[in-house]
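Open the model in your viewer and keep the sequence panel visible. The tour below goes from one selection to the next and says what is found at each stop.

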Amino acid sequence: MIPTPTLRVISEDYLQIASTPMFRVAGKNCARIKRIVTQFEYWLHGYLGASTFPPKDGILLIDIDLNVNLNHLDGAYIINVSATEIMITTDGEQGLRNAFASLKQLIHRALTFHQGKLETQFIGDNPAYEWRGLHLDVSRHFFGVKEVCQYLDWMAALKLNRFHWHLSDDQGWRINSTRFPLLTRKGAWRKEDDGSIYGGFYTKKEIKEVVKYACSLGITVIPEIDLPGHAMAILSAYPDLACFPQEFEPLTVWGISEDILCAGKDATLSFLKELLLEVAELFPSPYLHIGGDEAPKHRWKECPHCQQRIREEGLQDEEELQSWLIGELQQTLVDAGKTLVGWDEILDGNLGSQPIVHVWRGDGKDAARKAAANGNRYIISPNKLLYFDWRAEEDPATPGAHGVTTLEKVMAIKPREYEFEDDKLLLGGQANVWTEYMPDFATVKRMLFPRVFAMAEVFWNGQCEDDLPQRIKEVESLW
Ligand SMILES: [Zn+2]
């Protein structure tokens with residue numbers, strides 16, 4: 001199984017998988033629970049019907065007891081397989097989803113490798129970390145609703161529960177805005193070197209569709225609007241928001257732009273506040289990611305508006321100006337009931353302890369230590385370890401950018417090495433999938449697997465067990 005359960009005791013008997021599933025549910029059998037059971041039942045019927053090893057005729061009894069309190073992080077469950085039935089005990093929707101994710105793998109393994117014999121066993125399972133995420137950059141390359149939903153399915157099957165949707169960057173803006181229509185009219189399309197137009201965006205209806213689908217899988221969608229840097233798509237639509245307006249275009253090359261949003265102009269501030277509120281309304285998530293990374297300060301140093309803001313607010317320098325800007329936006333988000341999340345550069349000025357810091361630079365230890373010392377909650381995606389756009393193999397001929405992040409490196413991650421004064425501040429982590437060099441969804445899949453198996457295990461279990469490569473062989477055809 002992947003991720004490996006917290007506790008698993010296998011005994012010598014077995015349950016022979018039969019062809020006709022029957023579900024009995026005790027306690028809290030509300031509409032939402034019924035929907036989760038029906039979803040699994042639908043999958044199971046299809047799977048058993050199409051299995052290469054035909055299950056024996058008869059009833060496969062699955063008993064579900066929701067009358068318990070497991071006192072763990074959301075998502076704990078127990079599976080007890082006896083020679084006559086499968087018993088699931090859990091206290092809510094998330095535990096039930098996780099139990100079904102495990103059962104899919106157990107049934108698949110039994111029918112594919114063991115003639116339909118499922119070992120009798122006890123599984124007691126709960127997550128080590130509450131934030132187990134996966135990111136997808138849809139700015140550098142755009143992926144439609146169908147592909148995003150497929151991505152969410154992959155996540156749910158590995159008990160990943162936070163989808164970080166990178167919706168804006170220098171190369172494309174991806175959400176239709178009622179208040180600022182030029183964002184998609186101009187910012188969603190770029191002219192490639194060969195003259196062709198590349199781009200796309202999601203309508204609000206499509207965003208809602210993805211959010212609803214994610215919710216049915218127990219996944220929270222965290223939108224990211226990257227600012228004040230990585231904002232060339234925004235500036236192409238509204239150039240007056242820059243320190244020195246000119247005609248901007250969404251970039252066609254990868255890298256960091258010197259032109260960023262002006263933090264000195266009141267107009268930029270009100271634009272950002274209105275925009276964030278419009279985005280916040282679309283996503284029920286309690287979190288909104290505002291980026292905050294890679295914002296060169298050359299323009300701010302030269303800009304009379306930015307310099308005036310620094311003087312008026314009594315700030316030390318341009319780094320403090322960025323903190324001031326983040327603070328203003330944070331207040332807007334707090335008023336809207338949201339917690340701000342930002343890349344670890346947001347720690348560079350005077351950051352309060354409310355925002356969640358997204359640790360990414362290097363091996364992440366320094367930023368994690370700094371976030372902990374500042375009292376911020378934080379999540380980790382060290383680029384050396386959890387950036388899946390990096391090559392998966394040492395061989396320079398294999399696909400990928402920057403450095404090398406092998407499966408073994410991901411397996412070796414120990415989140416507790418990122419816990420300092422107060423271990424409750426580390427919420428968990430996620431892998432990031434930057435798509436500069438992933439023009440299609442097949443490439444995304446190739447870069448994601450098998451490393452995502454190790455990442456899911458690390459944040460579910462607190463560490464990855466050495467036999468992961470063997471377990472991958474047993475279940476990978478489910479993805
Ligand atoms: Zn400025």
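Begin at the start of helix H14, where a side-chain oxygen of Asp 440 comes to within 3.3 Å of the backbone nitrogen of Ala 442. Keep in mind throughout that this is a predicted model.

Now select the whole of H14, residues 441–448, and colour Phe 441, Thr 443, Val 444, Met 447 and Leu 448, which are buried. These residues lie on the same side of H14, because the arc they cover around the axis is only 155 degrees. Turn to the face pointing away from that buried side to find Ala 442 and Arg 446, both exposed. To see what the buried residues pack against, add strand S7 (131–137), helix H3 (145–157), strand S18 (390–391) and helix H15 (451–461).

Two of the buried residues of H14, Thr 443 and Met 447, also take part in the next stop. Along with Asp 389, Gly 400, Ala 401, Tyr 437 and Met 438, Thr 443 and Met 447 line the largest cavity. Its volume is about 40 Å³, and the count of cavities of 30 Å³ or more comes to one. What classes of residue make up the lining of the largest cavity? Four are nonpolar, two are polar and one is charged.

For the largest pocket, select Lys 104, Asp 153, Ala 156, Ala 157 and Leu 217, which of its 29 lining residues lie nearest its centre. The volume of this pocket is about 720 Å³. Show helix H1 (31–50), H2 and H3 as well, since each supplies at least two residues of the lining. H2 gives the largest share, with seven residues. By class, the lining of the largest pocket holds 16 nonpolar, seven polar and six charged residues.

Stay on helix H2, residues 93–113, and pick Arg 109. Is Arg 109 buried or exposed? Its relative accessibility is 16%, so Arg 109 counts as buried, the cut-off being under 20%. The Arg 109 side chain makes a polar contact of 2.9 Å with the side chain of Glu 474. Leaving out residues up to four places away in sequence, Arg 109 touches Arg 8, His 114 and Glu 119 as well as Glu 474.

Next go to Ile 2, in the segment before strand S1 (7–16). Ile 2 has 0% relative accessibility and therefore counts as buried. Which residues does Ile 2 touch, not counting residues up to four places away in sequence? They are Gln 105, Ala 157, Leu 158, Phe 453, Glu 457, Leu 468, Arg 471, Ile 472 and Val 475. One of these, Ala 157, was selected before among the residues nearest the centre of the largest pocket. For a distance across the model, join the C-alpha atoms of Ile 2 and Gly 314: the separation is 53 Å, with the two positions 312 residues apart along the chain.

The last selection is helix H11, residues 365–374, in which Ala 367, Ala 368, Ala 371 and Ala 372 are buried. These alanines sit on the same side of H11, because they cover an arc of only 135 degrees around the axis. Asp 366 and Ala 373, on the other side of H11, are exposed. The buried residues of H11 pack against strand S16 (356–359) and strand S17 (378–380). Finish just after the helix at Gly 375, whose phi is positive, about 85 degrees.

Note on methods. Residues numbered from 1 in each chain as written. Predicted model: local features only at pLDDT ≥ 70, side-chain atom pairs only at ≥ 80, totals over all residues. Heavy atoms only, no water. Buried < 20%, exposed > 50% of the residue type's maximum accessible area, 1.4 Å probe, protein only. Helix = DSSP H or I, 4+ residues; strand = E, 2+ residues; numbered from the N terminus. Arc of directions from axis to C-beta. Contact = heavy atoms within 4.5 Å. Polar contact = N/O pair within 3.5 Å; in protein donor to acceptor, adjacent residues only side chain to side chain. 1 Å grid on protein atoms, 1.4 Å probe; cavity = no way out; pocket = protein on both sides within 12 Å on 5 of 7 lines; lining within 4 Å. Points joined across faces, edges and corners; volume = space filled by probe spheres on them. Nonpolar A, V, L, I, M, F, W, Y, C, P; charged D, E, K, R; others polar.
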